[in-house]
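Me: I am new to this structure and would be grateful for a close look at a single part of it, followed by an account of its surroundings. Please explain each term where it is introduced.

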Amino acid sequence: LKGTQAKLADKVELTALSSNPIDQLWSDRPEPVVSDVRLMATDAVGQSSTSKRAEIARLLKIKGADAAILTELDSICWLLNIRGLDVSRLPVVLSNAIIHADESVDFFLDPARIPAGFKAHVGNGIRVSHPSELESCLESLADKNVSVDSGTSNAWYTLVLQNAGAHIIEAADPCLMPKAAKNETEIAGMKACHIRDGVAMAKFLSWIDAEVAQGNLHNEAVLADKVQSFREQDPTLMDLSFDTISAAGGNAAMCHYNHENQPEPGKLELNTLYLVDSGGQYLDGTTDITRTIAIGQPSDEMIQQFTLALKGHIGIARARFPQGTRGCQLDILARQHLWAEGFDYDHGTGHGVGHFLSVHEGPQSISKKLVDVPLVEGMVLSNEPGYYRADEFGIRIENLELVVELPTQGDFSVLTFESLTRCPIDKRNINVDLLTRPELAWLNDYHQKVWHDLSPLVEGDTLEWLRQSTTPLAHA
């Protein structure tokens, strides 16, 4: 900002506004949601807030910073082991925080919202202030070295700090990497909620097949409500993790399609595909799954494209790579089979996922974009290659993957992925002849895990559907 001000000094005078013009023009702005602040016990998240603050303070000292500005809501909630429902689909409270190198934190939230037991929960060193006091607290950091992440905070923070005489250290939010690497408790929770989420998906997908068989071709809104109703049978579900993408036929060719934005929802048609991308926010984890379902008999072209995307999905799931590998170095594994036939998909292959936090968590990713962040043990990422034919069909196959370390007989251990998602991949869309033996072995092994984990938890028609959906495939 100072550089910009200096360059424009002789031509333009930059003046900071005291209020946001957008706020003044937004006459029908919804009232903010004020939810209860949930205290997450240490045995539910695996690490105390005191311990987390000590870890972050150590990172600040290494960078020579006296404090760091935290504006990412999931970073603040992770650091203080709290959750809320202020934002739809994101279990956070709207707040700001400043963490200091002495491990103390200035937490900006209306003190009236602080629940009983908060002080004992977070430990000593947390100063709660009303959000109106944020600016004066920033100004009190004059002559301090302050870490600011321009990628997650707006320019106002930097401007206030610079005008106060603080020394800005441009650095990533110090909570990002520790938060991304899940501990044993978080991993156990993610595994457990994915099994329960898989039960909901199995009930939903078996219901769809039964309805189609009876000639009941529902619209996208009915289907979205139905998958939500099955998730809501779990009392630990706090919210969906994002608005469900329920897309029939050609609507699925739009990656981020939302039936609620259309004049009327689309409807299932025979001999097409149906794509459903959905997930839940559970007390012990966050899920995100996409399945592409055969409605009637899909065309040979649909089956070919699905199989090419599946080969890419398996390529990521089976990948083994050394420490320090970036997600962009793995992305080709998901695209190579589509590329070989002259096809591609216009979105990333994988994004990070939080533990009962953001379903789109940074900094980890798998994509063409050169993100200079290594994949480390404990990270959770999506694995979601696809293919989209405008106005005709859309395909995406998405599981969540946990980065784990694997011993070898070589010179070093490697990292690989462990699939967390538990839900069959529609075998009706697969041309087995296009799969190699290792790819087919992975698919059959995955389906065996799905059967093992879900079959004790379902019954009746859903159990029989699950049995048929997970029986092994074989080459002709």
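Reply: Glu103 has a relative accessible area of 30% and therefore counts as partly exposed; that class lies between buried (under 20%) and exposed (over 50%), with a 1.4 Å probe and protein chains only. The model is predicted, so local features need pLDDT of at least 70 and side-chain atom pairs count only at pLDDT 80 or more, while totals for chains, interfaces and linings use all residues. Residues are numbered from 1 along each chain as its sequence is written, and side-chain values use heavy atoms, leaving out hydrogens and water.

Glu103 is placed in the loop that runs from β4 (96-100) to β5 (105-108). Helices (H or I, at least four residues) and strands (E, at least two) are DSSP runs, numbered from the N terminus. The backbone of Glu103 has a positive phi of about 80°, although Glu103 is not a glycine.

Asp391 offers a second case of a positive phi in a residue other than glycine, with a value near 65°. Asp391 also occupies a loop, between β19 (386-389) and β20 (393-396). Its relative accessible area is 73%, which means that Asp391 is exposed. A positive phi, near 55°, is found as well at Asn81, which follows α5.

Helix α5 itself (residues 73-80) is mostly covered, as eight of its eight residues are buried. Among them are Leu73, Asp74, Cys77 and Trp78.

Strand β6 (residues 126-129) contains Ser129. With a relative accessible area of 14%, Ser129 is buried. Apart from neighbours within four places in sequence, Ser129 is in contact with Phe107, Phe108 and Leu109, where contact denotes heavy atoms within 4.5 Å.

Another backbone feature is the cis peptide bond between Gly362 and Pro363, with omega about 5°. Pro363 belongs to strand β17 (residues 361-366).

Ser299 lies in the loop between β14 (289-295) and α12 (300-317). Its relative accessibility is 31%, so Ser299 counts as partly exposed. The side chain of Ser299 reaches the backbone nitrogen of Met302 at 3.1 Å. Ser299 and Gln364 are 65 residues apart in sequence, and their C-alpha atoms are 36 Å apart in space. Within helix α12 is Gly315, partly exposed because its relative accessibility is 21%. From C-alpha to C-alpha, Gly315 and Glu439 are 8.0 Å apart, with their positions 124 residues apart in sequence.

As for the whole, the protein has 15 helices and 22 strands. Its radius of gyration is 24 Å, which agrees with the value near 23 Å for a compact globule of 476 residues; the radius is taken over C-alpha atoms, and the rule is 2.2 Å times the number of residues to the power 0.38. The C-alpha trace spans about 75 × 60 × 55 Å along its principal axes. Of the 476 residues, 52% are buried. Among contacts with a separation of 6 or more, 68% join residues 24 or more positions apart. The protein exposes about 21400 Å², of which carbon and sulfur atoms supply 51%; accessible areas come from the Shrake-Rupley method with a 1.4 Å probe, and for residues only the protein chains shown count as cover.

Note on methods
Polar contact = N/O pair within 3.5 Å; in protein donor to acceptor, adjacent residues only side chain to side chain.
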